[in-house]
Amino acid sequence: MEQHSKALLLSSSNCHGYSMLEFAKEEICDFLKKHDVQELIFIPYAQKGYDGYTKTIKNVIDPWGFSVSGLHTFNDPVEAIKTARAIFVGGGNTFLLLKTLYDNNLVSLIRERVCSGDLAYIGSSAGTNVATKSIHTTNDMPIIYPPSFDAISIVPFNINPHYIDKPENEKHKGETRDQRIGEYMEMPHAGTVLGLREGSILHVHGKSLILKGVAGAVLFKKQVTMQQFQ
């Protein structure tokens, strides 16, 4: 199927030196205005306490000129997504988020509507993880198990949000992020991984990928030295 996806994939909602989503405000506003979106459905499934989480996001985005509603407030989440123009999938625990999306029969529906160009997608942290090929490269603990690690697949590779470079004088002797991603790359099912530093945003438009935001990224490929992108 030809790809007409429209998505903004954020490493996180918070970035040092900025208030919540402030580093991405211009990109989010331009993205929604470009696609003639005024009403945004927020999916709070990555955390418990849906009302409070939705209120936090609503208090940030509504003053920008948009109207945010939590998906949990709709009687039928499937019908809500079928008619939505744009969704924002928030961060939290990736395993919990993906399981709840599967439980509500939303994974395939979101994939189809985003890939057809009918639904604009914004994801942050866990919301970015589930937009990719699989959640194998999440940083989260498996506090609950989804029926599959296969995710929405808006992009055909994996992302590691909150990617951290190893400091030169690091005293901690535990595994680095590079080592953990390296372990994944040794698996037969592994493919490309994009490490998004805090404050970075991947803009997806069909097959076009543009790295934006206030930080760069690191690209991991099998048997290829990691590449830095600014």
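**Figure 1. Strand S10 and its neighbour S7.** Strand S10 (residues 217-221) has 4 of its 5 residues buried, so the rest of the structure largely encloses this strand. The model shown here, and in every view that follows, is a predicted one. Strand S7 (residues 193-197) pairs with S10 in the antiparallel sense, over 4 bridges. To find your way from one strand to the other, start at Leu196, whose bridge partner in S10 is Ala217.

**Figure 2. Strand S8, with S1 and S9.** Here is another strand that the rest of the structure largely encloses, since 5 of the 6 residues of S8 (residues 200-205) are buried. S1 runs antiparallel to S8, and 5 bridges join the two. A handy landmark for this pairing is Leu10, which stands opposite Ile201 in S8. S8 is also joined to strand S9 (residues 208-213) by 6 bridges, and these two strands run antiparallel. For this second pairing, look for His203, which stands opposite Ile210 in S9. S8 and S9 make a hairpin with 2 residues between them. In the turn you will meet Gly206, with a positive phi of about 65°.

**Figure 3. Helix H5 and what covers it.** The buried residues of helix H5 (residues 107-115) are Val107, Leu109, Ile110, Arg113, Val114 and Cys115. A charged side chain is worth finding in this view: Arg113 is among the buried residues. What covers these buried residues includes both strands and helices. Among the strands are S1 (6-10), S2 (39-43), S4 (86-89) and S5 (120-124), while the helices include H3 (77-83) and H4 (94-103). Follow the chain just past the end of H5 and you come to Gly117, which takes a positive phi of about 90°.

**Figure 4. The largest pocket and its lining.** The largest pocket holds about 330 Å³ of space. Its lining is made up of 15 residues, of which His136, Thr137, Thr138, Asn139 and Asp140 are the closest to the centre. Which helix gives the largest share of the lining? Helix H7 (residues 177-185) does, with 5 residues. Sorted by class, the lining has 6 nonpolar, 5 polar and 4 charged residues.

**Figure 5. Ser153 and His162, two residues with positive phi.** Neither residue is a glycine, yet Ser153 has a positive phi near 65° and His162 has one near 60°. Where do they sit? Ser153 has its place in the loop between helix H6 (126-129) and strand S6 (158-163), whereas His162 lies in strand S6. Are they buried or partly exposed? Ser153 counts as partly exposed because its relative accessibility is 28%. His162, at 25% relative accessibility, counts as partly exposed too.

**Figure 6. Stepping back to the protein chain.** After the close-ups, this view places them in context. The secondary structure of the chain comes to 7 helices and 11 strands. Taken along the principal axes, the C-alpha atoms fill a box of roughly 50 × 40 × 35 Å. The radius of gyration of the chain is 17 Å, which agrees with the value near 17 Å that a compact globule of 230 residues would have. Of the 230 residues, 50% count as buried. Among contacts with a separation of 6 or more, 69% are between residues 24 or more positions apart.

Notes: Residues are numbered from 1 along each chain as its sequence is written. This is a predicted model: local features need pLDDT of at least 70, side-chain atom pairs count only at pLDDT 80 or more; totals for chains, interfaces and linings use all residues. Side-chain values use heavy atoms; hydrogens and water are left out. Buried means under 20% relative accessible area, exposed over 50%, partly exposed in between (1.4 Å probe, protein chains only). Two strands pair if DSSP finds at least two bridges between them. On a 1 Å grid over the protein atoms alone, a cavity is a set of points where a 1.4 Å probe fits but cannot get out, and a pocket is an open set with protein on both sides within 12 Å along at least five of seven lines; lining residues have an atom within 4 Å of a point. Grid points are joined across faces, edges and corners, and a volume is the space filled by probe spheres set on the points. Ala, Val, Leu, Ile, Met, Phe, Trp, Tyr, Cys and Pro count as nonpolar, Asp, Glu, Lys and Arg as charged, and the others, Gly among them, as polar. The radius of gyration is taken over C-alpha atoms; the globule rule is 2.2 Å times the number of residues to the power 0.38. Contact means heavy atoms within 4.5 Å.
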